[in-house]
Amino acid sequence: MKCRICEKKATIKLPQYNLKLCDSCFLDFFKKRVKKTIDSFKMFSLYDDILIAVSGGKDSLVLWSVLSELGYRVSGLHIDLGIEGYSEFCKQKVLDFSESRGLPLKIIGIKEIFGVGIKELARIAKRASCRICGMIRRYLINREAKDFYCVVTGHTLDDEASSLLGNVIHWHVGFLKRQYPVLEENGSLKRKAKPFSFVFENEIVFYAKLKNIDFVRERCPLSKKATSYVYKSMFSFLEERMPHIKLSFYKEFLKRKNYFFSEEKEQLKECKICGYLTVTDICNFCKLKKKVEEYQFQKA
Ligand code: AMP
Ligand code: ZN
């Protein structure tokens with residue numbers, strides 16, 4: 001098995017591109033593709049300050065590594081979700097990574113804000129923990145990005161293709177309109193970019209291995225029933241039989257998006273408490289804060 005580029009011994013097989021590469025040509029190939037996504041979607045430049053949201057999982061840690069290697073000015077943000085037996089490990093992996101590479105990192109804790117972690121918050125709000133967690137993360141990441149040009153997350157092609165499939169199955173037109181590798185700044189909502197939108201999970205695993213990036217391998221214990229895993233495993237089934245299908249499904253959607261889904265913007269207004277843009281008078285984050293305060297008042 002020879003590397004397609006340098007003809008030395010190949011070590012990596014990427015069925016999605018029908019490509020075999022050696023370690024060093026793979027690293028080069030991977031970085032070039034990420035750079036191409038950043039440039040072709042005009043996500044940000046080498047002069048912008050970027051905030052990267054890092055969970056401790058492979059996607060965001062690998063993204064942090066690649067962006068730093070490419071010379072971007074990136075700072076990390078980790079949200080400690082206060083999930084017992086899980087969040088401590090995530091935080092430690094992020095801390096170890098930033099310290100070993102000398103990269104700036106800020107950590108904020110849900111427990112310091114609400115007094116309790118995600119599991120308890122979901123119980124108080126009577127909502128699924130993944131929904132509460134997603135809402136809080138989006139809010140806090142946006143808030144912490146105030147002085148940055150752009151926020152980046154480690155969403156991969158696997159995430160994008162499977163959420164696209166879910167949105168199509170349920171015809172969530174509002175989500176379909178907003179699904180794109182980059183979202184422009186809109187009032188208090190910061191610019192958001194996903195430089196791994198065209199990157200497959202197996203590429204990230206190879207990269208992490210070659211660069212000795214240690215990450216949390218366990219799934220969040222609160223997300224065991226998340227439907228996103230159902231769509232992801234459906235796609236893995238398809239991809240195994242039809243390599244490249246994930247990428248073509250997502251790319252073909254992007255090509256046709258404006259034809260099917262008009263670009264008209266949703267009417268958003270400022271939250272009366274914090275100013276965050278929302279569709280209601282008070283945003284979900286402030287509503288949750290109020291609920292928790294009432295709950296604790298009744299308990300006392
Ligand atoms: P997920 O929804 O868990 O697939 O995460 C998607 C992206 O959100 C990750 O790639 C990270 O960029 C970001 N993210 C997830 N969890 C956290 C966290 N606890 N702190 C900061 N960023 C996070
Ligand atoms: Zn608010």
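**Exercise 1.** In which helix is the place of Glu203? Work out its setting, too.

*Solution.* Before starting, note that this is a predicted model, where local features need pLDDT of at least 70, side-chain atom pairs count only at pLDDT 80 or more, and totals for chains, interfaces and linings use all residues. Residues are numbered from 1 along each chain as its sequence is written, chains are lettered from A and ligands numbered from 1 in the order in which they are written, and side-chain values use heavy atoms, with hydrogens and water left out.

Step 1: Glu203 sits in helix α9. Helices here are DSSP runs (H or I, at least four residues), strands likewise (E, at least two), numbered from the N terminus.

Step 2: check burial. Glu203 has a relative accessible area of 0%, so it is buried. The cut-offs are under 20% for buried, over 50% for exposed, and partly exposed in between (1.4 Å probe, protein chains only).

Step 3: look for a polar partner. The side chains of Glu203 and Tyr17 make a polar contact of 3.0 Å. That term means a pair of N or O atoms within 3.5 Å; within protein, one must be able to donate a hydrogen and the other to accept it, and residues adjacent in sequence count only if both atoms are side-chain atoms.

Step 4: list the rest. Skipping residues up to four places away in sequence, Glu203 touches Leu14, Gln16, Tyr17, Phe26, Phe29, Phe30, Arg33 and Phe198, where contact means heavy atoms within 4.5 Å.

**Exercise 2.** What surrounds Ile204, and is Ile204 buried or exposed?

*Solution.* Step 1: place Ile204 in helix α9, residues 201–210.

Step 2: its relative accessibility is 0%, so Ile204 counts as buried.

Step 3: leave aside neighbours within four places in sequence, and Ile204 is in contact with Phe30, Lys58, Asp59, Val62, Thr156, Phe196 and Val199.

Step 4: for a long-range pair, take Leu63, which is 141 residues from Ile204 in sequence and 8.7 Å away in space, C-alpha to C-alpha.

**Exercise 3.** Describe how ligand 1 is held in place on paper: shell, polar atoms, coverage.

*Solution.* Step 1: collect the shell around ligand 1, which consists of Ala53, Val54, Ser55, Ser60, Leu77, His78, Ile79, Leu81, Arg137, Thr153, Gly154 and His155. A residue makes the list if one of its heavy atoms lies within 4 Å.

Step 2: sort the shell. You get five nonpolar, six polar and one charged. Strand β4 (residues 73–80) gives the most, with three residues.

Step 3: go through the short polar distances. A polar backbone atom of Ile79 is 2.9 Å from a nitrogen atom of ligand 1, a polar side-chain atom of Arg137 is 3.2 Å from a nitrogen atom, and a backbone N or O atom of Gly154 is 3.0 Å from an oxygen atom.

Step 4: finish with coverage. On its own, ligand 1 has 480 Å² of accessible area, and the protein covers 78% of that.

**Exercise 4.** Which phi values are positive at Trp171 and His244, and where do these residues lie?

*Solution.* Step 1: Trp171 isn't a glycine, yet its phi is near 50°. It's in the loop between α7 (157–169) and α8 (173–178), and at 55% relative accessibility Trp171 counts as exposed.

Step 2: His244, also not a glycine, has a phi of about 95°. His244 lies in the loop between α10 (227–241) and α11 (245–260), and at 32% relative accessibility it counts as partly exposed.

Technical notes:
Accessible areas come from the Shrake-Rupley method with a 1.4 Å probe; for residues, only the protein chains shown count as cover. Ala, Val, Leu, Ile, Met, Phe, Trp, Tyr, Cys and Pro count as nonpolar, Asp, Glu, Lys and Arg as charged, and the others, Gly among them, as polar.
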